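User: Hello! Could you walk me through a few contacts in this protein?

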Amino acid sequence: FKQKTAYEISLGLVGSEMCIRDRGYTMSDILQHTIYMDYAATTPVDPVVLEAMSNFFVADYGNPSSMYSLGQEGRKALDEARERIAKVLNSRTGEIVFTSGGTESDNSALLGSALALREHGQHIITSSVEHHAVLHAASLLEELGFEVTYLPVDNNGFINVNTVAESITNNTTVVSVMLANNEVGTIQPVAEIAEIVKSKAQRIGHPIVMHTDAVQAAGFLDLNVQQLGVDMLSLSAHKFHGPKGVGLLFIKRGTPFRPIHVGGSQERDRRAGTENVAGIVGMSVALELSNIQRNELTSHTLALRNKIITSLFERLDGIKLNGPLDFRLPNNVNVSIEGIEAEPLLLGLDLAGIAASSGSACTAASLEPSHVLLAMGLPESVASSSLRLSLGQENTTEEIDYTVNVIVELVNRLRLINNARKVR
């Protein structure tokens, strides 16, 4: 029924030639061009990145662990990629471990450090708004006998740093707090938390590993690990115009770590398996480019983000911004709209040529309300009505205007339908 409703709404919305002409679009434009506003889910591969990768699929295809020349070309490419990444992170090259993506990096960080420090304690601290790659790893550790503290957040998604300090015990060995939230864009005070963790570790007398999931932060925030003060940091290439299926885990020299992937001596015995040379090269170039273009991207997306928020609040009542306006990723808009469920709204947007989401792409198939919004204190009815728009360099002011118009018309039509149902 929802699909049929959304389809009928969209027909009424974009099927009108007058409606389309008013916005400067033709029906062909709508059918052929997707307005992409889900950059938090994934990003298109930059042509420069694709070009850098191409040679390693066909010509220099050797296994980088092989001793002969063809293999050593791959080894050289890995070394150069590590150097590019280390410059962006302000780390040593030997502290970079290549993985299959953000999920593996997060899993490895929690499991690898917790198991390595098990003799010192079995207490893990994380937040209630982490990505499921962290939360599910924490749940697995609970099954293995560990105790996990899930820190609460305020109504903007912020962790209270004093709560972190109060939660650390003599048995604490790992603290994992994300740098920027993937759903509402909240930027956590990771450097301040890291200082607290290190101070507590000195007092207790054994290491406490500080990890941050920085997957959403790349391209927008400074990833200098020295300034962040972290022992581990996770990244995923496809979030910053690199390829899917490749990521990295920064592991500070001397950090206790037990490898989760075993079966080979790759990555200095920290992650077994033949390295994805093409993907790693692509990731290194993408990270380098994203760091160079960071200020430009921040300025561009911030202007568009603020335009969306201002326009929606001017034209719709019963709308709530989820998360803070400050200390928020510049490309993130997350709103809840009273009286509207996310699913028919997203279907209507898709049929109007707009790609958006209601939250994390990793939980898109779930009908449950966002765990992030629930942790921020929103009731289920409000959490179920959330719309997330995440922007990129390719988005334009014209796309913003069109998208806002479509959202407003969809919301008004959906509200009319919902009110008609109540009358019946």
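User: Happy to start small: what is the length of the polar contact that joins the side chains of Ser 105 and Thr 99?

Analyst: First, this is a predicted model, where local features need pLDDT of at least 70, side-chain atom pairs count only at pLDDT 80 or more, and totals for chains, interfaces and linings use all residues. Residues are numbered from 1 along each chain as its sequence is written, and side-chain values use heavy atoms, leaving out hydrogens and water. A polar contact is a pair of N or O atoms within 3.5 Å; within protein, one must be able to donate a hydrogen and the other to accept it, and residues adjacent in sequence count only if both atoms are side-chain atoms. For the side chains of Ser 105 and Thr 99, the value is 2.8 Å.

User: Is Ser 105 buried or exposed?

Analyst: Buried means under 20% relative accessible area, exposed over 50% and partly exposed in between, with a 1.4 Å probe and protein chains only. Ser 105 has 0% relative accessibility, so Ser 105 counts as buried.

User: Which helix is Ser 105 found in?

Analyst: Helices are DSSP runs (H or I) of at least four residues, numbered from the N terminus. The one with Ser 105 spans residues 102-116 and is helix α6.

User: How is α6 oriented relative to α7?

Analyst: The axes, lines fitted to C-alpha atoms over the stretch in contact, give angles from 0 to 180 degrees between N-to-C directions. The axes of α6 and helix α7 (residues 132-143) come within 8 Å and cross at roughly 30°. Angles under 35 degrees count as roughly parallel, over 145 as roughly antiparallel, 65 to 115 as roughly perpendicular and the rest as oblique. That angle therefore makes α6, relative to α7, roughly parallel.

Note on methods: Helix = DSSP H or I, 4+ residues; strand = E, 2+ residues; numbered from the N terminus.
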